[in-house]
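Thank you all for coming. I would like to spend a few minutes on a model, beginning with its surface and ending with a pair of helices.

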Number of protein chains: 2
Amino acid sequence: MAPCIILHSPQLGENIGSVARVMLNFGLADLRLVAPRDGWPNPAADPLAAGAFEAGVAVTVFDTAEAAIADLQLVLAATARPRGMEKPVVDAIGGAELVQSRGQRAGVLFGGESSGLPSDVVGLADAIMTYPVNPAFASLNLAQAAGVFCASWGAVQGRQGRFEGTNEGVGEPAPREDLIRMFEHLEDELERAGYFHPPDKTPLMKTNIRNGFIRGNWTLQEVRTFRGAIKALAIGRGKARTQRED
Amino acid sequence: MAPCIILHSPQLGENIGSVARVMLNFGLADLRLVAPRDGWPNPAADPLAAGAFEAGVAVTVFDTAEAAIADLQLVLAATARPRGMEKPVVDAIGGAELVQSRGQRAGVLFGGESSGLPSDVVGLADAIMTYPVNPAFASLNLAQAAGVFCASWGAVQGRQGRFEGTNEGVGEPAPREDLIRMFEHLEDELERAGYFHPPDKTPLMKTNIRNGFIRGNWTLQEVRTFRGAIKALAIGRGKARTQRED
């Protein structure tokens, strides 16, 4: 179940709009505001939301953090500063995994632009979520901070199709036979062009050229395309046009 | 080595500033702009950058994507749309792990606000990076898109080396600049040979040929060898022997 995002004392409508947009980008739709400085609704939020409110993000306003989390079973507090509190600490992926694995009504609390979450609000959370930031430049924009969690939630949801090796999205490599025929075609033409010289270096030159091609895991279509290219180069303009028809 | 972030045709200075801030939050400092709509420097970037430029983010402006990636060895293209290209696909964590494990000069390309990355620019990349987004609300804000990668980079730094696939036994990949020159050389010769036909299919044919080569992570030596081969094929026996001496 997707968690809600709770912004505690947010100041800028622009940030609220940006949070709504990135929430919906990654499938979250329950946005809760605790005591927004400029009230709600706030027209400054709309341009940055890019239609997220109309497309499904529901906003609810609360007076206190306690009220905003009343119905939740699992609460994370996002904070960069150490709090000296005895709570588990997770990063963004760890937080998303925790929410996912518990299957409970969960929420993630983010503090306002000027001062972050008050300690008593952090104290209401089950766990602290913190990102490994550059200590010399640690202050994230509020919408970016929420976006990092939302993207991690999306990544955890999408993990079935997650990156495994490297060939996802790439077609089947051509059978080695076709690659070898391509090499022989290329090498024949290079031979005819007088490229292999001196003779005792020829095997090494061939191996060097083959290695680069083999590493590319060419598909059969790529092999065919490139054989057409070899033919064109070897034969030259006029004949190439005729040959290409075959 | 932290990768650079490359924004292709960015429009809003605000987004450029936001990208700089979130980069530095997670330890990235090399920001490259390709043809920014409003030029550079852009005063609209400063409030959102929150001091990131003064604190270490260096901005360089380029006319073309080719120039912006010339010195890189590994290039990721962030895109939400499937491109029908034969390239590996990674998510944000997968992309950060790839950069980390290769230990190469790497960059991540992001498209501008209105239309994302053009296909020919995606074609220059080694891999496509895509996030598992809500298909009903898939368009991320540019700064959020960059932020998701930067946070993933930070998360991967915060762990210890995990990646399995290595390039053991293979030399350093050639800088992208040398690969691009090799493509241009090959394409010029193919053009002269009348290979590209019909004209409206030419960009796709070029991208298909480039993709296979890019996947091979060719070393500089392999690039040089193959340029000699192109030359030999194009020029033919007698002249090839002369040319090879240079």
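Accessible areas here come from the Shrake-Rupley method with a 1.4 Å probe. On that footing, and bearing in mind that this is a predicted model, chain A exposes about 11,300 Å², of which carbon and sulfur atoms supply 51%. Of the 246 residues in chain A, 49% are buried, and the chain holds 11 helices and seven strands. If we take the contacts in chain A between residues at least 6 apart in sequence, 81% of them join residues at least 24 apart.

Let me turn to the backbone. Most residues other than glycine have a negative phi, and most peptide bonds are trans. S9(A), in the loop between β1 and α1 of chain A, nevertheless has a positive phi of about 50°, and S9(A) is partly exposed, with a relative accessible area of 31%. A35(A) also has a positive phi, near 50°; this residue sits in the loop between β2 and α2 of chain A. As for peptide bonds, the one joining H197(A) and P198(A) is cis, with omega about 0°, and in chain B the bond from W40(B) to P41(B) is cis, with omega near 5°.

Finally, how do α5(B) and α7(B) cross? Their axes come within 8 Å and cross at roughly 55°, so the two helices are oblique to each other, and the crossing is right-handed. The residues of this contact divide into nine nonpolar, four polar and one charged; among them are I93(B) and V99(B) from α5(B), and F149(B) and W153(B) from α7(B).

Notes
Residues numbered from 1 in each chain as written. Chains lettered and ligands numbered in written order. Predicted model: local features only at pLDDT ≥ 70, side-chain atom pairs only at ≥ 80, totals over all residues. Heavy atoms only, no water. Axes fitted to C-alpha atoms, helices over the stretch in contact; angles between N-to-C directions. Helix = DSSP H or I, 4+ residues; strand = E, 2+ residues; numbered from the N terminus. Parallel < 35°, antiparallel > 145°, perpendicular 65-115°, else oblique. Left-handed = near helix turned anticlockwise from the far one by under 90°. Contact = heavy atoms within 4.5 Å. Nonpolar A, V, L, I, M, F, W, Y, C, P; charged D, E, K, R; others polar. Buried < 20%, exposed > 50% of the residue type's maximum accessible area, 1.4 Å probe, protein only.
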